[in-house]
Amino acid sequence: MKTLSPLLCFTVLLGLSNPTFAQDVLPFPITPSASEAGRTIGESTNKRRQDARYLSEEAPNILIILIDDAGPGLPDTFGGEVHTPTLSRIANTGISYNRFHSTAMCSPTRASLLTGRNHTRVGNGQIAELSNDWDGFSGVIPKTSATVAEVLKNYGYNTSAFGKWHNTPTMQTTAAGPFDYWPTGYGFEYFYGFLAGEASQYEPTMVRNTTYVPLPKTPEEGYHLTEDIADDAIKWIHQHQAFSPDKPFFMYWAPGAVHGPHHVPKVWADKYKGKFDDGWDNYRERVFKRQKEMGWIPANTQLTPRPETLASWESIPEAEKPFQRRLMEVYAGFAEHADHHAGRIVEELERMGLRDDTLIFYIWGDNGSSSEGMHGSISELLAQNQIPTEISQHIEALDGLGGLEALGTPKTDNMYHAGWAWAGSTPYKGTKLVAAHFGGTRQPMAVSWPKKVDADKTPRAQFHHVNDVVPTIYQILEIKEPQVVNGFPQDVIDGTSMAYTFDDANAKGQKSTQFFDVMASRSIYHEGWIASAFGPRTPWLPVTPGMATWTPDKDVWELYNLDEDFSQSKDLASEHPEKLAAMKELFLIESAKNKNLPIGGGLWVMYHPEDAPRNMANEFHFTGDIDRMPEFTAPKIGIFPHHASMEVDIPDGANGVLFALGGFSAGVTCYIKDNQLHYEYNLFEIERTKVASTTKLKGPTKLEFDLQAKPHQGGGPPHLHSGEMVIKANGKEIARTMIPTLATLAFTANDCFDIGSDLGSPVSDDYYEQAPFKFNGTIKNMDIVYQKP
């Protein structure tokens, strides 16, 4: 028999005996019976108990919309050139914030937003795929920092999440769980979306609650992830109203848009044809002028210069400019498409009569626009693998896929030039991954609650952060910060409620201090000043010079007076050395308080890719068909030297995939066509290595695959290797090939390893139209053993 911990016994008993204490302890005690039990029914009285209500009758529905990788200079709502009618609708019926901030990276912002804590306090110093063993960088939100969904559910809300999650440890994302750190383990009663940091918008690997599920239709039938999660969110609202009309709901709607890959139907991209022909430098000038005219930024704001390491539009060869223009057109269409589907949810709330009593937080970006496309790419994970390429390689590969019209389709994982990301950061100088400058961390937010908040176009200029959303919700609902949730004593909440700004645009700001740090790009805000250090990594460069020998002591710090300098345009470090020293000391104090040590801890896997989160097994034994094993948990057959063997029965007319890892953007696959075995190593579409068996195969066959790492044939950075693949059938060599470059980290973020078919995005164009190209023979087993270096 299990026993309760002494602490839990104490809190439950105290909650029963002291109703006021119940406000501090979640879940609440069960309402005691109102009936009196006698020896018989006749001697008993039955009276229906009245469950205690812990929410006001006026508690609103709450909807958080979080757009991904979107910079502040993009939406036309606030001066940009991407059409965002839904964001405009929320802003026009409510209030907006022009000094609202995120972290500079996906997982950290989401963890901070959902818990009300600083990102490293809740173990999310970097994305989950780059986690390590230091507490601030573990990739695990501790149960001592309950999410807002956990708290609201226990108070009586119905809770749901849709779209991108990116807060589950990568090794716990298989169908076997454990599920403690999935959305349903963090208080969301319903989840439909993907667990990783990005996904193909046409062929994502989707989860409903704790089950991997097939897509409702194919890309050819018009499937798109953003539309799918909008459909599902609307259905969930319908069901909520049907099943629990007496309860409010909390919904977190976070599309994969506009994170790479930039995928959107052609009709949306074509809306922007010709609109960006004059390049990113001119875009910034236009948007900056419009932002001032609209009063979105102060009149004395300065437009910051382009970083020296970022190319000007004029320096781009004319032959490459059509490629660069189309990449931005696709991105803009993708962003408008996401806003449109967010609008469908808002419109449905209006149609159902729920809009006036729904509090909506629309956050335009979990960080700034991403410069990880570097010089423009048809396969954006080249950046994470630190594989340098030339634009000519992308254009040449694109020609074989249908030319510029293939951008935005399932056949590319395109991402725009970093110059467009910088333009999307107008008037600031940073991008995603830069926590030193606001282009990476300052995000527009609109808040609308027609029943309680009057529309006001005056921008709220108080300094705030995503960790302030949770305490704002708690204050509105008159919820005292819980001290214990589900038996776990709770960490302090770092955020400051923004409710005081709802009816007073000019109220004095109440947040005095906020630190920022992503991979040692860092800053500290305090009472109108900010000090910052750019850090060792330049996001738009494949390899940053000097990064290998970096220490935080080498960094040059900058200092800005934000009360006079909205865009961080004038560095005052040399004029105020004592102020800068005090700010640097405050940064270290905040880092120690928030588990942000060592400085640069999030860079560990960048320096040590061998320590990247992975399945720690060195041997894998699979029986029969295996499908949808997430790549980060699967054997690294495209990276690590290994020996693999398969026992298969190959019939006459044999066809189909034997195994596949990754997707069309990058991966490795082995398949049979008309009894001939084929092996393909797809290096991010830039380079496809293919080899076929010298003979046709039939009957019981033992296949063996040996991948050996070799010195990189083309020279290049020391982390790159070439590979040699040798394939045998029943002990006889049937194929051999050299692979010029091996991937270093991963092929994809959200695709999987399959045996017996290629589900999701197909790795090879040779069977693209036949996918998932299920093998028509029998696979008895597959064994994989890593080879020692």
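K266, D270, R326, E329 and E405 are joined to one another in a network of salt bridges, and this report on a predicted model starts from that network before turning to the helices and to two single residues.

## Salt bridges

Across the whole structure, a search finds 40 salt bridges. Three of these pairs are set out below, with the distance given between the nitrogen and oxygen atoms.

| Pair | N to O distance |
|---|---|
| K266 and D270 | 2.6 Å |
| R326 and E329 | 2.9 Å |
| D754 and R628 | 2.7 Å |

How exposed are the two partners K266 and D270? K266 has a relative accessibility of 41% and therefore counts as partly exposed, and D270, at 24%, is partly exposed as well. In the pair R326 and E329, by contrast, both residues are buried. These two belong to helix α8, which covers residues 321–351, and because they stand three residues apart in that helix, about one helical turn separates them.

The pair formed by D754 and R628 brings together two strands: D754 is part of β29 (residues 752–755) and R628 is part of β20 (residues 626–630), so the salt bridge ties together parts that lie 126 residues apart in sequence. Both D754 and R628 are buried.

## Helices that pack against α8

Two packed helices are described by the angle between their axes and by the distance between those axes. The helix that holds R326 and E329, α8, has contacts of this kind with α5 and with α2.

Helix α5, made up of residues 225–243, packs on α8 at an angle of about 15°, and the two axes are 9 Å apart. Angles under 35 degrees count as roughly parallel, and α5 and α8 are therefore described as roughly parallel to each other; the crossing that α5 makes with α8 is right-handed. On the α5 side the contact is made by T226, E227, A230, D231, A233, I234, I237 and H238, while α8 contributes H337, A338, H341, R344, I345, E348, L349 and R351. Sorted by character, the residues of this contact comprise seven nonpolar, four polar and five charged.

Helix α2 spans residues 85–92, and within it T86, L87, S88, I90 and A91 are buried. What covers these buried residues includes the strands β3 (95–97), β10 and β11 (445–448), together with helix α8. The axes of α2 and α8 come within 7 Å of each other and cross at roughly 45°, which means that α2 is oblique to α8. In this contact P85, T86, L87, R89 and I90 of α2 meet D339, H340, A342, G343, V346, E347 and E350 of α8, and the residues involved divide into five nonpolar, three polar and four charged.

## A mostly covered helix

How many of the residues of helix α12 are buried? Helix α12 comprises residues 469–476, and six of its eight residues are buried, so that the helix is mostly covered. The buried residues are V469, V470, P471, T472, I473 and Y474. Their cover includes the strands β2 (61–66), β4 (100–101), β10 (358–363) and β12 (464–465), and also the helices α3 (106–115) and α4 (148–155). Just after α12, the residue E478 adopts a positive phi of about 60°.

## Two buried residues

H394 sits in helix α9, which runs over residues 391–399. Its relative accessible area is 2%, and because a residue under 20% counts as buried, H394 is buried. When neighbours within four places in sequence are left aside, the contacts of H394 are F323, G376, S377, I378, L382, T389 and I686.

A573, for its part, lies in a loop, namely the one between strand β18 (557–561) and helix α13 (577–593). Despite this position in a loop, A573 is buried, with a relative accessible area of 13%. Residues up to four places away in sequence not being counted, A573 touches W557, E558, L559 and L580. The C-alpha atom of A573 is separated by 9.5 Å from that of V556, a residue 17 places apart from A573 along the chain.

Technical notes. Residues are numbered from 1 along each chain as its sequence is written. This is a predicted model: local features need pLDDT of at least 70, side-chain atom pairs count only at pLDDT 80 or more; totals for chains, interfaces and linings use all residues. Side-chain values use heavy atoms; hydrogens and water are left out. Helices (H or I, at least four residues) and strands (E, at least two) are DSSP runs, numbered from the N terminus. Buried means under 20% relative accessible area, exposed over 50%, partly exposed in between (1.4 Å probe, protein chains only). Contact means heavy atoms within 4.5 Å. A salt bridge is a side-chain nitrogen of Lys or Arg within 4 Å of a carboxyl oxygen of Asp or Glu. Axes are lines fitted to C-alpha atoms, for helices over the stretch in contact, and angles run from 0 to 180 degrees between N-to-C directions. Angles under 35 degrees count as roughly parallel, over 145 as roughly antiparallel, 65 to 115 as roughly perpendicular and the rest as oblique. A crossing is left-handed if the near helix is turned anticlockwise from the far one by less than a right angle, and right-handed if clockwise. Ala, Val, Leu, Ile, Met, Phe, Trp, Tyr, Cys and Pro count as nonpolar, Asp, Glu, Lys and Arg as charged, and the others, Gly among them, as polar.
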